[in-house]
Amino acid sequence: EEVYLAIDEFEAVRLACLEGLKQVDAAKRLRISRPTFSRILTSAQRKIADGLVNIKAIHIEGGCCQIITRSRK
């Protein structure tokens, strides 16, 4: 079985969990409202939990965000 995470869900998790941003700050970065960010993050966390607990592959695909990579020095 598989779990599908939209790219906007992936980005919400990255900003909130990995970068440690507050929801209001993460929402500003994504140019969305804080309640919308909260809904996206909650959806992502449920999907990730389902994948981990039920041993499912987690796929990241399409969504409303664009990934811009930065070169690391």
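These are my notebook entries on what I looked up in this structure, which is a predicted model.

**Entry 1: the overall layout**

I began with the secondary structure and found 3 helices and 2 strands in the protein chain, which follow the pattern β-α-α-α-β when I read along the sequence. I then looked up burial for the whole protein chain, and of its 73 residues 25% count as buried. The protein chain exposes about 5,500 Å², and carbon and sulfur atoms supply 52% of that area. For the contacts with a separation of 6 or more, I noted that 69% are accounted for by residues 24 or more positions apart.

**Entry 2: the nonpolar core**

Which residues make up the largest nonpolar core? I listed 11 residues, namely Leu5, Ala12, Val13, Leu15, Ala16, Ala26, Ala27, Phe37, Ile40, Leu41 and Ala44. Helix H1 (7-18), H2 and H3 each supply at least two residues of this core. I added a general remark beside this list, that in soluble globular proteins nonpolar side chains tend to be buried together. I then picked Leu15 from the core and looked up its contacts, which, leaving aside neighbours within four places in sequence, are with Gly20, Leu21, Ala26, Arg29 and Leu30.

**Entry 3: Lys56**

Next I turned to Lys56, which sits in the loop between helix H3 (34-53) and strand S2 (57-61). Is Lys56 buried or exposed? Its relative accessible area is 18%, and because the cut-off for buried is under 20%, I entered Lys56 as buried. I then followed its side chain and found a polar contact of 2.9 Å with the side chain of Asp50, as well as a polar contact of 3.5 Å with the side chain of Glu1. Not counting residues up to four places away in sequence, Lys56 touches Glu1, Glu2, Val3, Asp50 and Gly51.

**Entry 4: two positive phi values**

Last, I looked up the backbone angle phi at two loop residues. Ile55 lies in the loop between H3 and S2, and its phi is near 50 degrees, a positive value in a residue other than glycine. Arg31, in the loop between helix H2 (23-30) and H3, has a positive phi of about 60 degrees, although Arg31 is not a glycine either. I also checked how much of each residue is accessible: Ile55 has a relative accessible area of 76%, while the value for Arg31 is 79%. Since exposed means over 50%, I wrote down Ile55 as exposed and Arg31 as exposed.

Terms used
Residues numbered from 1 in each chain as written. Predicted model: local features only at pLDDT ≥ 70, side-chain atom pairs only at ≥ 80, totals over all residues. Heavy atoms only, no water. Helix = DSSP H or I, 4+ residues; strand = E, 2+ residues; numbered from the N terminus. Buried < 20%, exposed > 50% of the residue type's maximum accessible area, 1.4 Å probe, protein only. Polar contact = N/O pair within 3.5 Å; in protein donor to acceptor, adjacent residues only side chain to side chain. Contact = heavy atoms within 4.5 Å. Core = buried A, V, L, I, M, F, W, Y, C linked by side-chain atoms within 4.5 Å. Areas by Shrake-Rupley, 256 points an atom, 1.4 Å probe, with all protein chains shown as cover.
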